[in-house]
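Please open the model in your viewer and keep the selection tool at hand. The tour below goes from one selection to the next and says what to look for at each stop.

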Amino acid sequence: MSPAKDSVVALPRTRKQRKRFKRKVKIKAKRRAQKLEKLKERENVTPLVKKYWLQRYDLFSMYDVGVKLDEEGWFSVTPEEIAARQAERCAGAGVVIDAFAGVGGNAIQFAKVCHRVVAVDVDPNKVQLAFHNAKIYGVEDCIDFIVGDFFQLAPFLKGDVVFLSPPWGGPSYKAKENFTLDLLKPKDGHSLFQVAQAITPNIIMYLPRNLDMLQASELSWLSSPPLDVEIEENFVRGNSKGITLYFGDTALHGSVRLTGCIVDKDCNIGE
Ligand SMILES: C[S@@+](CC[C@H](N)C(=O)[O-])C[C@H]1O[C@@H](n2cnc3c(N)ncnc32)[C@H](O)[C@@H]1O
């Protein structure tokens, strides 16, 4: 005879017991639902993004609170530590235009330190994910989300800093020995820079670590007199992840004092 058949389940008799029993059932159901959700999430992790999923907390420290990414988002989002560093250069800025906002990795960090962020992406799904992720970080009210092509929208945009993290052409960019600006998508780096320059000389570009440095620094010569430029290599846990180019007032020792006010986490303007 199996012990399971013999065991008697004590049914709750008093009101207090019934209440406690109901609460226990609820908690168990909640835990089961959470487990299922996690399993479902892991099922969505395709072999292509598995490597990036393992780095999820480097990408978004609040990942477990419910951050969402699509496949392209997994391998194209700027790691949080790097995005925060890039945003530091714009602390106190009026409006930062994030021209290729993706799932919001950079826009969220800009929103923490700037007055306003305009986050543009051509993919409506990305914009939805960026909005969702910004809500998790509590900064969605500081960001204007726009679905559209940056090249078409640029003539109508005004901003104090333009941030450019265009597609690098997928993970295959790593195979190139020297990543030249013509490999950027959807347009080459020179055309992109010129479009951004028509808005402001304060431009930040996030590009692959195998970037042709000479070609990149020559972008400053597209302006007369040439713009200040600073080149920074970005690491996470000792691994090189990319190169950030800071132009104009975003270059070190330059100042991006635009509105004279600093905005705290809750988007309140301070002195
Ligand atoms: C490298 S990802 C940006 C990642 C972003 N910095 C982040 O941290 O989440 C590049 C993004 O550019 C978007 N994109 C491509 N062409 C575009 C265009 N013409 N205008 C605006 N966005 C574009 C893609 O949909 C993609 O989400």
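Begin by selecting Arg-237, which sits in the loop between β6 and β7, the latter being residues 239-247. In this predicted model, the phi angle of Arg-237 is near 50 degrees, a positive value in a residue other than glycine. Arg-237 counts as exposed, because the number of C-beta neighbours inside 10 Å is 9, and a residue is classed as exposed at 12 or fewer.

Next, select Ile-82, which belongs to helix α6, residues 80-88. Is Ile-82 buried or exposed? Ile-82 is buried, since 21 other C-beta atoms lie within 10 Å and the cut-off for burial is 20 or more. If you leave aside neighbours within four places in sequence and display the contacts of Ile-82, you will find Asn-234, Val-236, Lys-241 and Gly-242. For Lys-241, which is 159 residues from Ile-82 along the chain, the separation of the two C-alpha atoms is 8.9 Å.

Two proline residues make the next pair of stops. Select Pro-186 in the loop between β4 and α10, and check the peptide bond that leads into it from Lys-185, which is cis with omega near -5 degrees. Then move to Pro-225, placed in the loop between α11 (213-217) and β6; the peptide bond from Ser-224 to Pro-225 is likewise cis, with omega near -5 degrees.

Now turn to the sheet and colour its strands. It is an open sheet of seven strands with mixed pairing, and its order reads β3-β2-β1-β4-β5-β7-β6. The edges are held by β3 (143-147) and β6 (229-236), each of which has a single partner strand, so one side of each is left without a neighbour in the sheet. On average, neighbouring strands of this sheet are turned by 20 degrees against each other, with direction ignored. Add helix α8, residues 124-136, to the selection: α8 packs on the sheet, where it touches β2 (116-121) and β3, and its direction makes about 165 degrees with that of β3.

Within the sheet, isolate strand β4, residues 161-164, and show its side chains. Both faces of β4 are covered, with Val-161 and Phe-163 on one side, Val-162 and Leu-164 on the other, and all four of them buried. What joins β4 to strand β1? Strand β1 (residues 95-98) runs parallel to β4 and is joined to it by three bridges, and across this pairing Val-96 stands opposite Val-161. Strand β5 (residues 203-207) is also parallel to β4 and connected to it by three bridges, with Met-205 in β5 as the bridge partner of Leu-164. If you then follow the chain from β4 through helix α10, residues 189-197, to β5, you trace a right-handed β-α-β unit.

The next selection is helix α7, residues 105-113. Nine of its nine residues are buried, so α7 is largely enclosed by the rest of the structure. The buried residues of α7 include polar names worth picking out in the viewer, among them Asn-106, Gln-109 and Lys-112, alongside others such as Ala-107 and Ile-108.

From α7, pick Phe-110 and display its contacts. Not counting residues up to four places away in sequence, Phe-110 touches Ala-87, Cys-90, Val-96, Asp-98, Val-117 and Phe-163. Phe-110 is also one of the residues that touch the most other members of the largest nonpolar core, which has 63 residues; the others named are Val-96, Ala-107, Ala-111 and Val-117.

Finally, zoom out to the whole chain, which has eleven helices and nine strands. Buried residues make up 36% of its 271 residues, and among contacts with a separation of 6 or more, 63% are between residues 24 or more positions apart. Colour the model by pLDDT: the chain has a mean of 87, and 87% of its residues reach 70 or more. Which residues stay under 50? The stretch is 254-271, for which the model has 38 contacts beyond four places in sequence. Where pLDDT is low, the predicted coordinates should not be read in detail.

Definitions and conventions. Residues are numbered from 1 along each chain as its sequence is written. This is a predicted model: local features need pLDDT of at least 70, side-chain atom pairs count only at pLDDT 80 or more; totals for chains, interfaces and linings use all residues. Helices (H or I, at least four residues) and strands (E, at least two) are DSSP runs, numbered from the N terminus. Two strands pair if DSSP finds at least two bridges between them. A crossover is right-handed if, with the strands pointing away from the viewer, the path from the first strand over the helix to the second runs clockwise. Axes are lines fitted to C-alpha atoms, for helices over the stretch in contact, and angles run from 0 to 180 degrees between N-to-C directions. Two residues are in contact if their C-beta atoms, placed from the backbone, lie within 7 Å. A nonpolar core is a set of buried Ala, Val, Leu, Ile, Met, Phe, Trp, Tyr and Cys residues joined through C-beta atoms within 7 Å. pLDDT is the predictor's confidence in each residue, from 0 to 100.
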